[in-house]
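Biologist: Could you take me through one part of this model in detail? I would love a close look at the sheet and whatever packs against it.

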Amino acid sequence: MASHRRLIHSAIFSLGWFALIANAPAQTAPPGPASNALATRLVADPRFRGAVAAFDRDFDRFVAELIKLTEIPAPPFGEGPRALAYMGMLQEAGLENVEMDAEGNVLGLWRGKTGGAVPLLAVAAHLDTVFPEGTDVTVKRRGTRLIAPGIGDDTRGLAFLLALIRAMRSAKVETAGDILFIGNVGEEGPGDLRGVRYLFTKGPWKDKIKRFISVDGSNLDLVTNSGLGSLRYKVTFRGPGGHSWSAFGNVSPAFAMGEAIARLGQLSVPKKPKVSYNVGLVSGGTSVNSIPFETAMEIDLRAVDPAALKAIDVKFKTIVGEAVKLENATRSTENGKITAEIKLIGERPSGTTAPDSPVLRQIAATMGVFDKVPVWETKSTDANIPISLGIPAFAIARNSANKGDRSHSLDEWVDIEKTQAVKDFELAAALILSVAELP
Ligand SMILES: [Zn+2]
């Protein structure tokens, strides 16, 4: 199989590829997923080759748009200005029905030739970055490296989608199915996937999107088909408070919270599939010589397996209850008892799109044409939402390995060396367009 793939691969990139494929389809179609024929045909199609050539010609504009978008700050819940600019760019790229939805996502439609007979594919990149208002987002250039907060994650994804749409138009690419292109809000931490959650549970496209690809990652060998689920809580412990000397012996929210943290730290959890817990923030109290009347902690629980996430969630809540009970039994409740309020501040559902599902079989087949084998990954991405709803969804990267790094840091960078960028475009475009052909 590998040698067949290599044959196709080298054939495609040599001048004689067309004749070779046309003359020997049976020999060049490797065994395995039936959809290999589709991938081979797609990548060899003159219009697909034309789209790759169009990206090559359009490259300076791709870079200019990447810089322009990066320099429009887009902190969580502050994506508005970037969303407006992106909406204009989607329009300019030639999509139909370009609009901003009530959550702040911007989207537009690429019409396929079957008039909706093929399931609707949505392809998204996220508008938001992790960086707060006021962060210097000026792009610096060092050789082929562009450096700025958010330039990779996920601004390169946004710029890639624009370049893809333009390349498809320029080369008159025809897809079987319609494609909804999206710049969505709220992927990062506090956003809690609000953009894509709205899209799949409330907005006008709810129930219409049948397949979903998020372009968000920095290694095209990896395909994120499992959504890492998480639950995030703020737990506030309250009590009567009092003077550290004269009220000594009264219950304290600090002891209750300390007990809860210590017990949480003792929990043993499965390593595979992995489960994790974290106490990320602790706060409370008013002064060194006061028993606090309030303390709080923020907790992050994660698991690949939905049942495991539920199990650690139950254990965590039990621990909080026990710690409160213990504190109320240990010290005086004469002036009041300890209570705990558990508030959900984040929820990302988990789940997996099976590697043997038609969509991922197609992805594996398309990667095969490029001599690659997908490495299935588990991460928290916008795909978590559709995956948890049973809609085939996954995330692919915006560039190949080592062409971008340090995401979520101030020295985040992407490499825009053109030869590799064109190759990365070709692979990502082939992955997306092959899914748009699937009945
Ligand atoms: Zn991202």
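**The sheet and its helices**

Modeller: Happy to! Let's begin with one pair of strands: strand S9, residues 229–238, runs antiparallel to S14, and the two are joined over nine bridges. Within that pairing, Val 235 sits opposite Ile 342 of S14. Please keep in mind that this is a predicted model.

Stepping back, S9 and S14 belong to an open sheet of four strands, ordered S11-S13-S9-S14, with antiparallel pairing. Its edges are strand S11 (275–284) and strand S14 (339–348), each of which pairs on one side only. From one strand to the next, the twist averages 20°. As general background, the strands of a sheet pair through backbone hydrogen bonds, either parallel or antiparallel.

Now for the helices. Helix H10, residues 253–266, lies across S9, S11 and strand S13 (294–303), and runs at about 15° to S13. Helix H11, residues 306–330, also packs on the sheet, where it touches S9, S11, S13 and S14. The direction of H11 makes about 160° with that of S13.

Finally, a word on the nonpolar cores. The largest one has 88 residues, and Val 123, Leu 161, Phe 181, Ile 396 and Ala 428 have the most contacts inside it. Leaving aside neighbours within four places in sequence, Phe 181 is in contact with residues including Leu 90, Trp 110, Val 123 and Leu 161. Apart from that core lies another, of 25 residues, and among them are Val 251, Ala 260, Ala 303 and Leu 309. Ala 260 falls within the residue range of H10, and Leu 309 within that of H11.

Technical notes: Residues are numbered from 1 along each chain as its sequence is written. This is a predicted model: local features need pLDDT of at least 70, side-chain atom pairs count only at pLDDT 80 or more; totals for chains, interfaces and linings use all residues. Two strands pair if DSSP finds at least two bridges between them. Axes are lines fitted to C-alpha atoms, for helices over the stretch in contact, and angles run from 0 to 180 degrees between N-to-C directions. Two residues are in contact if their C-beta atoms, placed from the backbone, lie within 7 Å. A nonpolar core is a set of buried Ala, Val, Leu, Ile, Met, Phe, Trp, Tyr and Cys residues joined through C-beta atoms within 7 Å. A residue is buried if 20 or more other C-beta atoms lie within 10 Å of its own, exposed if 12 or fewer, and partly exposed in between; C-beta atoms are placed from the backbone.
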